[in-house]
Amino acid sequence: MVRSVMICLLTESGMRYPVAATGRDAVAGLWFEEFVVGQRFAHEVRRTVTDMDNMLFSSLTYNPAALHIDHAYAATTEFGRPLMNSIFTLGLVIGLSVQDTTFGTTVANLGMTDTTFPKPVFAGDTIRAETIVKELRASKSRAGQGIVTFEHVGLNQRDEIVCRTTRAALMMAKPA
């Protein structure tokens, strides 16, 4: 059995960087300088979405839209059944990317732009994500950090694009 011990390196500026007891980085995400423009990720983790996901997310975000939570009403629409909440879909697509890209190395999300939902998502659909690094630049105001612009694409089990967004993230540089 392999066990890892997490130790945090605390810099003079108060920044914490997780490192393994072996001295190797113990974060799954990449440091700012490990990203390359054009780099592509086909994220391994997939998720089949459920009615419960939709009900819970809609309830937690106070979204009472009948199109998401009322099966009888949704049956009368062009879709014939409830649509998954699009903000849930957006969060899921970005979340599926975290393990490979930003887990443990993100300072903050700076924003999302150009977000589209070209196809609907329904309970029972299995969503996967792909990511492309679109742009990199060192932070002008925060030493040891940089901004990575990602394009995230969510696809269903039929390889139809269900979500596309551009996300800017403030990332940590690799500790010296």
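I started at the hairpin of β6 and β7 in this predicted model. Six residues sit between the two strands there, and G144 takes a positive phi near 75°. I then looked at the pairing itself: β6 (residues 126-138) and β7 run antiparallel, joined by ten bridges. For a register mark I noted T131, whose bridge partner in β7 is H152.

Next I followed β7 to its other neighbour. Strand β8 (residues 161-172) is antiparallel to β7, with eleven bridges between them. H152 turns up again here, with T165 as its bridge partner in β8. The hairpin of β7 and β8 has five residues between the strands, and D159 is the one I wrote down, with a positive phi near 60°.

Is β7 mostly covered or not? I checked residues 145-155, and eleven of eleven are buried. I sorted them by direction: Q145, I147, T149, E151, V153 and L155 point one way, while G146, V148, F150, H152 and G154 point the other way. Both sets are buried, charged E151 included.

Then I went to the cores. The largest nonpolar core has 13 residues, and V49, L92, V121 and I127 touch the most other members. I found α4 (86-101), β6 and β8 each giving two or more residues to this core. The most come from α4, with six.

I took I127 as a probe. Leaving aside neighbours within four places in sequence, I127 is in contact with R46, R47, V49, L92, V93, L96, V121, L155, N156 and V162. Apart from that core I logged another, of nine residues, including L30, F150, A169 and M171.

Definitions and conventions: Residues are numbered from 1 along each chain as its sequence is written. This is a predicted model: local features need pLDDT of at least 70, side-chain atom pairs count only at pLDDT 80 or more; totals for chains, interfaces and linings use all residues. Side-chain values use heavy atoms; hydrogens and water are left out. Buried means under 20% relative accessible area, exposed over 50%, partly exposed in between (1.4 Å probe, protein chains only). Helices (H or I, at least four residues) and strands (E, at least two) are DSSP runs, numbered from the N terminus. Two strands pair if DSSP finds at least two bridges between them. A nonpolar core is a set of buried Ala, Val, Leu, Ile, Met, Phe, Trp, Tyr and Cys residues joined through side-chain atoms within 4.5 Å. Contact means heavy atoms within 4.5 Å.
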